[in-house]
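Work through the exercises below with the sequence and the model open. Try each task before reading its solution.

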Amino acid sequence: MAGSDRASYATGFSDLDDEVGPIPLVVRGEFPAWLQGTLLRNGPAKFDIGSTTVNHWFDGLAMLHRFEFGGGNVTYTNRFLRSEAFTESVAEGHLALGGFATDPCRTLFQRVASVFSPHYTDNGNVNIDVFGGATVALTETTLPVRFDPQTLATMGQAPISADVGGQLSIAHPHHDKARGCRFSYVVQFGPHSHYRLFAIPDDGSPERVIAEIPVDKPAYMHSFAMTERYLILTEFPLVVDPLKLLLALSPFIRNYEWQPERGLRFRVFDKDSGELIASRAAKAAFAFHHINAFEDGDNLQIDASVYDDPTIIDQVYLAPLRAGEPIAAIGRPIRFTLSLDDDAPVTSTVIVDEMLELPRMDYGRCAGRPYRYIWGAGQSPGGVFLDSIVRVDVAKGETSRWFAEGCFPGEPVFVSRPGAEQEGEGVLLSVVLDAISGTSFLLLLDARTLSEIARAQCPHKIPFGLHGNFYPAT
Ligand code: CO
């Protein structure tokens, strides 16, 4: 496959400059009448800026994509997120604010400010969420950018409050329906660095700090885990000396060092009291994405898409992706079992031996609770990139797969059918690159069988995105 230009995934890493819509899409099959609402997605879409090119997939300038469903029709709109990072980069002809693995061309003096000044990046290219009623695009800084979910017009930064502080945050907050809030965390860098967990109330009232612990070398954590009562930070041994970030001699992620001898450290916090109730160790591993977690008697079960080490970060630099080089290893679904009863090391078991990333589940029903089904973008045996949609039956340890020659799907977003009585009753929405035609389409699958129900053809290729969410019509 790598030798075949026609079906190379590489076209998913070329720029998309066109902004269109709202336009109706040509539909094949039938979008069910009950599917009413909007899929909002996000991802890097502009990598070539002026005469320069960013180094890494995660440094492309953010583009928003909106698919609206109703009456069996699908309309599509896409717009760049007009963040400060976007505006300044386009004006200056290069990435203007320090990114994940790309530095702006700045003098040493200017670099010193890159992480510690308020002028860090707001290029929200990772995920979309709703904070206190405002729709926001997120990256891993404390600068969410608000936008209009109807028009995709950018409305300006909506920074995490000064009371919470911090410089780094995450693009994967958790929603707690019972408590009526999102949970997230920040890293406060300084002479004494801290992890700080906080809540974002759904009603728009001020963010509040839940817990804070000191940390000597903060870990790179892209997500965290939540059960009904607990929040769990998984400290991967990819850690940074805060002084290195202060000096900013290297792009952000290059300051982090893989120190497997540290092992994994799980930190369990009580959601209500904020108390750190357990710290547990495990063998070194790396992950971007937790899948789900739940309480199981005196144990916590914590599932994630896990790698042996963080070499995946090196594999998704733009140059190898644009050359269509094979990705050697994608994360596999692993279950960590953590005892709250004693200090025993955390054990891990393979849920299924299957490469799976961008994992989703029936979040509305199962977030923080026992669950059975995972959906994700998979890489089939012998594949070179995410080339399939995989469903995992956790109870049976079985998988099924959607695959089409020359097609490279993104994250499958689960949408529960209204009135669904069981977990997993609904559909999956995934933006798929058809590398043969050089365009993308929105794929609708039955979430249980992975059989195709319908697809809607986009007017262009959508560069590989990261995350998004479905918002039912109100
Ligand atoms: Co992510």
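The exercises that follow concern a predicted model.

**Exercise 1. The metal site**

Task: Find the protein donors of the cobalt ion and describe the geometry of the site.

Solution:
- Step 1. List the donors. They are His172, His222, His289 and His467, each through its NE2 atom, at 2.0 to 2.1 Å from the cobalt ion.
- Step 2. Look at the angles among the 4 donor atoms; they run from 94 to 155 degrees.
- Step 3. Compare with the cut-off: four donors count as tetrahedral if all angles lie between 85 and 135 degrees. The site of the cobalt ion is irregular.

**Exercise 2. Where the donors sit in the chain**

Task: Write the spacing of the donor residues of the cobalt ion in sequence, then locate His172 and His222.

Solution:
- Step 1. The spacing reads H-x49-H-x66-H-x177-H.
- Step 2. His172 lies in the loop between strand 11 (154-157) and strand 12 (174-176), while His222 lies in the loop between strand 15 (208-215) and strand 16 (225-226).
- Step 3. These two residues are 50 residues apart, and the pair links distant parts of the chain.
- Step 4. His172 and His222 are both buried.

**Exercise 3. Cysteines without a bond**

Task: Explain why Cys407 is not bonded to Cys458.

Solution:
- Step 1. Count the disulfides: the structure holds 0.
- Step 2. Take the cut-off, which asks for two cysteine sulfur atoms within 2.5 Å.
- Step 3. The cysteine sulfur closest to that of Cys407 belongs to Cys458 and is 12 Å away, so it is too far for a bond.
- Step 4. Seen from the other side, Cys458 is in no disulfide, and its nearest cysteine sulfur is that of Cys407.
- Step 5. Check the surroundings. Cys407 is buried, with a relative accessible area of 6%; Cys458 is buried too, at 3%.

**Exercise 4. Residues at the surface**

Task: Is Leu249 buried or exposed, and which nonpolar patch includes Leu249?

Solution:
- Step 1. Locate Leu249: it is in the loop between helix 3 (242-247) and strand 19 (256-258).
- Step 2. Its relative accessible area is 57%. Exposed means over 50%, so Leu249 is exposed.
- Step 3. Leu249 forms a nonpolar surface patch with Leu243, Leu246 and Leu247, and together they have about 360 Å² of accessible area.

**Exercise 5. A helix residue**

Task: Place Ala91 in the structure and give its separation from Gly50.

Solution:
- Step 1. Ala91 belongs to helix 1 (residues 84-92).
- Step 2. With a relative accessible area of 68%, Ala91 is exposed.
- Step 3. Ala91 and Gly50 are 41 residues apart along the chain, and their C-alpha atoms are separated by 8.7 Å.

Terms used. Residues are numbered from 1 along each chain as its sequence is written. This is a predicted model: local features need pLDDT of at least 70, side-chain atom pairs count only at pLDDT 80 or more; totals for chains, interfaces and linings use all residues. Side-chain values use heavy atoms; hydrogens and water are left out. Donors are N, O and S atoms within 2.8 Å of the metal (3.2 Å for Na, K and Ca); water is not among the atoms, so sites may look incomplete. Four donors count as tetrahedral if all angles lie between 85 and 135 degrees; four count as square planar and six as octahedral if opposite donors are over 155 degrees apart and all others between 65 and 115; anything else is irregular. Helices (H or I, at least four residues) and strands (E, at least two) are DSSP runs, numbered from the N terminus. Buried means under 20% relative accessible area, exposed over 50%, partly exposed in between (1.4 Å probe, protein chains only). Patches are made of residues with over 30% relative accessible area and no salt bridge: like charges are joined within 9 Å, nonpolar side chains (Val, Leu, Ile, Met, Phe, Trp, Tyr) within 5 Å. Accessible areas come from the Shrake-Rupley method with a 1.4 Å probe; for residues, only the protein chains shown count as cover. A salt bridge is a side-chain nitrogen of Lys or Arg within 4 Å of a carboxyl oxygen of Asp or Glu.
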